[in-house]
Amino acid sequence: MKRNDTSFDRTRPAVRIPKRIAVPTAERHVTAGGVSVYTLPAPEYGVARVSFVFRAGSSWQQVPFCASATVNNLAEGSRNMTSLQIAERLDYYGSYFDVSIDRDWSVVTFVCLSKYFDRTLEIAREILLDPQFPEEELAVYCAKSRQALLVNRTKVDFMARELFARSIYGADHPYGTSSDAALYDTLRREEVAAFFRDHYTADNCFVVASGDVSAARIRTLEAFLGEMATGGVTERGPFPEPAATAHAERSVEGAVQSALRVGRTLFPRSHADYVGMQVVATVLGGYFGSRLVQNLREERGYTYGAYAAMVNFDRSGYFAAATEVGAPVTDDALEQMMYEIGRLREELVPEAELGMVRNIMAGEVMRILDGPFGIADVTIENIQNGFDNSYTAGFMEQVRAVTPERIRTLARRYLVPEELTTVVVGPDRAGRNKEHNEQAK
């Protein structure tokens with residue numbers, strides 16, 4: 001073999017970013033009990049995934065920590081099986097079980113080899129239709145969760161996240177509340193069981209099945225869903241209006257860094273300006289070469305990273321920019337964050353920079369959509385927000401429609417400095433802002 005052969009073409013191929021991203025349409029079936037089942041067949045993979053999505057997030061709870069305790073204890077024992085037996089049976093079939101929860105939704109997911117689909121649903125029946133929430137298992141969960149929360153609340157980034165939510169929504173708002181860790185000690189099995197009865201029902205559920213999901217397997221799944229209880233709580237009352245504060249600060253003894261957050265409440269994903277504000281957030285801090293990273297990391301060496309993002313809830317959403325810096329540069333870092341926000345309000349983003357941002361956003365979407373399970377995750381998010389997959393398919397068209405002038409208009413409309421909340425959590429800064437420290441405790 002000749003190692004000096006120069007005939008090989010080493011020209012790097014041109015990067016082509018699609019104008020429109022192709023996303024499979026999920027086929028919708030409705031069971032006799034009213035549960036919508038969305039299917040994304042991909043039989044070539046030989047595995048199947050079923051995600052049960054419930055309106056059972058923390059904003060639905062009346063008792064602190066009840067929602068997370070419910071979803072995390074579903075597999076801790078049923079009428080017929082112990083937690084150990086459930087775990088061993090899943091392992092025997094090579095099946096995978098996972099749960100997640102946010103402010104509005106909980107998701108229970110099973111992944112299995114397609115040939116063990118029916119066997120895995122038998123175990124799912126124990127977990128989703130007949131959990132018993134044994135006292136001993138619940139007590140262990142609460143003790144571990146209480147300790148984990150106490151540990152997290154010694155970290156400035158976690159504390160800033162909680163304080164920011166309280167500061168933009170208010171301590172009594174479902175999206176802003178954070179509870180005393182000691183309340184884990186008073187959580188009772190009856191409260192968890194009642195939350196399950198009220199929220200893990202056919203009325204509160206939709207299902208996304210992806211991978212090797214044949215027609216026969218879907219029929220088996222629909223029969224399974226026919227056993228799910230109906231009724232329960234399906235409506236929430238009105239939320240209080242967000243009660244934002246302009247500034248909140250908390251001192252942490254022994255801390256060497258400050259966690260900073262700047263932002264405000266905005267709107268959910270259904271709002272016409274949501275995608276535009278996603279572009280604004282990406283320019284500001286949505287990738288490693290963003291303006292915040294260039295300013296705070298590359299030019300000043302204040303931090304390892306900084307970010308900005310739009311966050312979406314059912315009834316609201318917010319914009320936030322965040323970073324962690326050494327205590328001595330806290331004030332200047334805040335000034336630089338506001339400076340970069342001000343630039344977006346005053347200057348037009350260069351076309352070359354905006355083009356790079358568009359490519360980064362397109363690449364991230366294509367990364368997420370790589371494979372049937374990624375497509376399933378996107379499908380779940382779209383359904384939660386009232387869309388079908390055409391929303392994602394047309395996402396890049398919306399991004400490409402955002403011009404430099406549009407970015408400036410949106411920044412002027414929504415990133416008014418006087419309407420932004422700033423949060424600082426870190427070392428005591430010479431006794432300043434003591435009134436804010438007391439308010440945040």
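## Helix 9 and its surroundings

The buried residues of helix 9 pack against helix 8, strand 9 (306-312), strand 10 (317-326), helix 10 (330-346) and helix 11 (351-368). Helix 9 itself covers residues 291-299, and its buried residues are Arg-291, Leu-292, Val-293, Asn-295 and Leu-296. Just after helix 9, Gly-301 adopts a positive phi of about 65°. The structure described here is a predicted model.

## Nonpolar cores

In soluble globular proteins, nonpolar side chains tend to be buried together. Here the largest nonpolar core has 62 residues, and the members with the most contacts inside it are Met-277, Val-279, Phe-319 and Ile-407. Helix 8 gives the most to this core, contributing eight residues. Apart from neighbours within four places in sequence, Ile-407 is in contact with Val-279, Val-280, Val-283, Leu-344, Val-349, Leu-354 and Val-402.

A second core, separate from the largest one, has 53 residues, with Leu-121, Leu-187, Val-213 and Leu-221 among them.

## Helix 8 against helix 15

The axes of helix 8 and helix 15 come within 10 Å and cross at roughly 95°. Angles of 65 to 115 degrees count as roughly perpendicular, so helix 8 is roughly perpendicular to helix 15. On the helix 8 side, the contact is made by Gly-276, Met-277, Val-279, Val-280 and Val-283. Helix 15 supplies Ile-407, Leu-410 and Tyr-414.

## Aromatic pairs and an aromatic cluster

The model contains 20 aromatic pairs. In one of them, the rings of Phe-52 and Phe-110 have their centres 6.1 Å apart and their planes at 85°; planes over 60 degrees apart count as edge-to-face, so this pair is edge-to-face. Phe-52 lies in strand 3 (residues 47-54) and Phe-110 in strand 5 (residues 106-113), so the pair ties together parts that are 58 residues apart in sequence. Both Phe-52 and Phe-110 are buried.

Phe-267 and Tyr-414 form another edge-to-face aromatic pair, at 5.1 Å centre to centre and with 75° between the planes. Phe-267 is in the loop between strand 8 (257-265) and helix 8 (274-285), whereas Tyr-414 is in helix 15 (residues 404-414), so this pair ties together parts that are 147 residues apart in sequence. The cut-off for a buried residue is under 20% relative accessible area. Phe-267, at 6%, is therefore buried, and Tyr-414, at 11%, is therefore buried as well.

One aromatic cluster is formed by Phe-164, Tyr-169, Tyr-175, Phe-239, Phe-313 and Tyr-318. Arg-315 lies over the face of Phe-239, at 4.4 Å from the ring centre.

## Asn-72 and Asn-73

Asn-72 is placed in helix 1, while Asn-73 is found in the loop between helix 1 (66-72) and helix 2 (83-92). Asn-72 has a relative accessibility of 35% and therefore counts as partly exposed. Asn-73 has a relative accessibility of 2% and therefore counts as buried.

With neighbours within four places in sequence left aside, Asn-72 is in contact with Val-99 and Tyr-141. On the same basis, the contacts of Asn-73 are Phe-133, Glu-137, Leu-138 and Tyr-141. Tyr-141 thus appears in the contacts of Asn-72 and in those of Asn-73. Asn-72 and Glu-136 are 64 residues apart in sequence, and their C-alpha atoms are 14 Å apart in space.

Definitions and conventions. Residues numbered from 1 in each chain as written. Predicted model: local features only at pLDDT ≥ 70, side-chain atom pairs only at ≥ 80, totals over all residues. Heavy atoms only, no water. Phe/Tyr/Trp six-rings, centres within 6.5 Å; stacked < 30°, edge-to-face > 60°. Helix = DSSP H or I, 4+ residues; strand = E, 2+ residues; numbered from the N terminus. Buried < 20%, exposed > 50% of the residue type's maximum accessible area, 1.4 Å probe, protein only. Lys NZ or Arg CZ within 6 Å of the ring centre and 35° of its normal. Core = buried A, V, L, I, M, F, W, Y, C linked by side-chain atoms within 4.5 Å. Contact = heavy atoms within 4.5 Å. Axes fitted to C-alpha atoms, helices over the stretch in contact; angles between N-to-C directions. Parallel < 35°, antiparallel > 145°, perpendicular 65-115°, else oblique.
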